[in-house]
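This report describes a predicted model. It treats helix packing, the sheet and the surroundings of a ligand in turn.

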Amino acid sequence: MNQHYAMMIDLTSRRCLVVGGGPVAERKACSLVEAGANVVVVSLTATPRIKQLALMGQVEWLKRTYRQADGEHCFLVIAATNDKQVNLAVYRDAVARGQWINVVDQPALCNFTVPSTVKRGKLQIAISTSGVSPALAKKIRRELEQSYGDEYSLYLDLMQEVRGWIQQEVSDASLRYQLMKELVSDRWIEQCRTNPEGVRDLMLRWIKKQLSIYTWEGVHHETIGCWNEKK
Ligand SMILES: C[C@@]1(CC(=O)O)C2=NC(=C\c3[nH]c(c(CCC(=O)O)c3CC(=O)O)Cc3[nH]c(c(CC(=O)O)c3CCC(=O)O)/C=C3\N/C(=C\2)[C@@H](CCC(=O)O)[C@]3(C)CC(=O)O)/[C@H]1CCC(=O)O
Ligand SMILES: NC(=O)c1ccc[n+]([C@@H]2O[C@H](COP(=O)([O-])OP(=O)(O)OC[C@H]3O[C@@H](n4cnc5c(N)ncnc54)[C@H](O)[C@@H]3O)[C@@H](O)[C@H]2O)c1
C-alpha cells in the first residue's frame, strides 16, 4: 500500500460521525471538536467526558446502537466500537457513500489515519508511523513536547502579525526574505520563552532598525508606528 499523504483539513462545521463511546472514540471525538467539527457520537454507553461534551452541546450523542442512516450527510466517519463486525458495517456504509473512513481496529480499512500531534497554539507537529506503531508515535510526541514548549505559540502569534505586515509593506522581495530568515532565528524563540512580555517590543524595534539600515523611507517607519499602537 502507498504511504498516506499528510495534509491539514479544515473541519469547521463539518458533520463528523463517531461510532462507539469508549476511550478511543472519546479521543477521536475530542480532537474533532477541537477542530471545530459538528460531532455526532452514536453509542449505547459513553465515557464521562463524552457525556459532559454532550451536556455542553459540543457533541450530539445518540444513545443507541449504530444504524446505516447515521452516516448520511457526514464528511467523515470513525468506527470506534469494540465490535469488529459493527466496525466493518460502518466501513462498508461509509465506502458506499464515498466518505473518509477511519476504523480504529483495522488499519487496512482506513482511508485516513489520525496522527499523534504536538499542539502549541498554531503550531502542530503530526507524527505518523503508517499504522505500524502508534505507541512509537506517542513516545515521539512526548519527546517533541519537551523540545517545543509554549514559546512557539507566542512566537507564531507574533509571526502572524509581523509577517502579514512585512508582506504588505515591504515591497523588496529580497529584504522580505532576509527579514523572515532572521526572525526565525533561535534568539527570537528564546526571547519568547524568557521574555514573553517584552519580546514584541524588542521585535518591533529590531525591524525598525533593519528597515533604516536598508535606507527605507519615512513612510514605512510611520506605518510601523501605527502597527505598534494596534495592541
Ligand atoms: C496516534 C494515535 C492518534 C489517536 O488515536 O488520536 C493513534 N493511536 C494512538 C494510540 C494508541 N493506539 C494503540 C495503542 C496501544 C499500543 C499499540 O498498540 O501500539 C496506543 C498507545 C496508547 O494508547 O497508549 C492501539 C492501536 N491503534 C491502532 C490499532 C489497530 C491495529 O494496529 O490493528 C491498535 C491496536 C488495538 C488493539 O490491539 O486492540 C490503530 C491506529 N492508531 C492510530 C492512531 C492510527 C495509526 C497512527 C500511526 O500511524 O502511528 C491507526 C492506524 C488508526 C487510527 O486510530 O487513526 C494515538 C496516540 C495519541 C497520543 O499521542 O497519545
Ligand atoms: N486506533 C486506536 O488508537 C486504538 C487504540 C486502542 C484500542 N483500539 C481499538 O479500538 C476499540 C475500541 O476501544 P475502546 O477502548 O474505546 O473500547 P470500549 O470497549 O471501551 O468501548 C467500545 C464502545 O463501543 C460501543 N459499541 C459497541 N457496539 C456498538 C454498536 N453496535 N453501535 C454503537 N456503539 C457500539 C460501546 O457501547 C462502547 O461505548 C478496541 O476494540 C481496540 O481494538 C484502537
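## Helix packing, sheet and ligand shell

Helices α5 (residues 151–169) and α6 (residues 173–183) pack with their axes 10 Å apart, at an angle of about 170°. Because angles over 145 degrees count as roughly antiparallel, α5 is roughly antiparallel to α6. On the α5 side the contact is made by V162, R163, I166 and Q167, and on the α6 side by R176, L179, M180 and L183. Five nonpolar, one polar and two charged residues make up this contact by class.

The model also contains an open sheet of five strands, ordered β3-β2-β1-β4-β5, with parallel pairing. β3 (59–62) and β5 (100–103) are at its edges; each has a single partner strand, so one side of each lacks a neighbour in the sheet. From one strand to the next, the twist averages 15°. Strand β2 (residues 38–42) and β3 run parallel and are joined by four bridges, and V39 stands opposite V59 in β3. Helix α1 (residues 23–34) packs on the sheet, where it touches β1 (15–19), β2, β3 and β4 (76–79).

The angles given for the two packings are set out below.

| Pair | Angle |
|---|---|
| α5 and α6 | about 170° |
| α1 and β2 | about 165° |

Helix α1 also contributes to the surroundings of ligand 2: three residues of the shell come from α1, the largest share. Of the 21 residues around ligand 2, those that come nearest are G21, G22, V24, N82 and V104. By class, this shell has eleven nonpolar, eight polar and two charged residues.

Notes
Residues are numbered from 1 along each chain as its sequence is written. Chains are lettered from A and ligands numbered from 1 in the order in which they are written. This is a predicted model: local features need pLDDT of at least 70, side-chain atom pairs count only at pLDDT 80 or more; totals for chains, interfaces and linings use all residues. Two strands pair if DSSP finds at least two bridges between them. Helices (H or I, at least four residues) and strands (E, at least two) are DSSP runs, numbered from the N terminus. Axes are lines fitted to C-alpha atoms, for helices over the stretch in contact, and angles run from 0 to 180 degrees between N-to-C directions. Two residues are in contact if their C-beta atoms, placed from the backbone, lie within 7 Å. A residue is near a molecule or strand if its C-beta atom, placed from the backbone, lies within 6 Å of it. Ala, Val, Leu, Ile, Met, Phe, Trp, Tyr, Cys and Pro count as nonpolar, Asp, Glu, Lys and Arg as charged, and the others, Gly among them, as polar. Angles under 35 degrees count as roughly parallel, over 145 as roughly antiparallel, 65 to 115 as roughly perpendicular and the rest as oblique.
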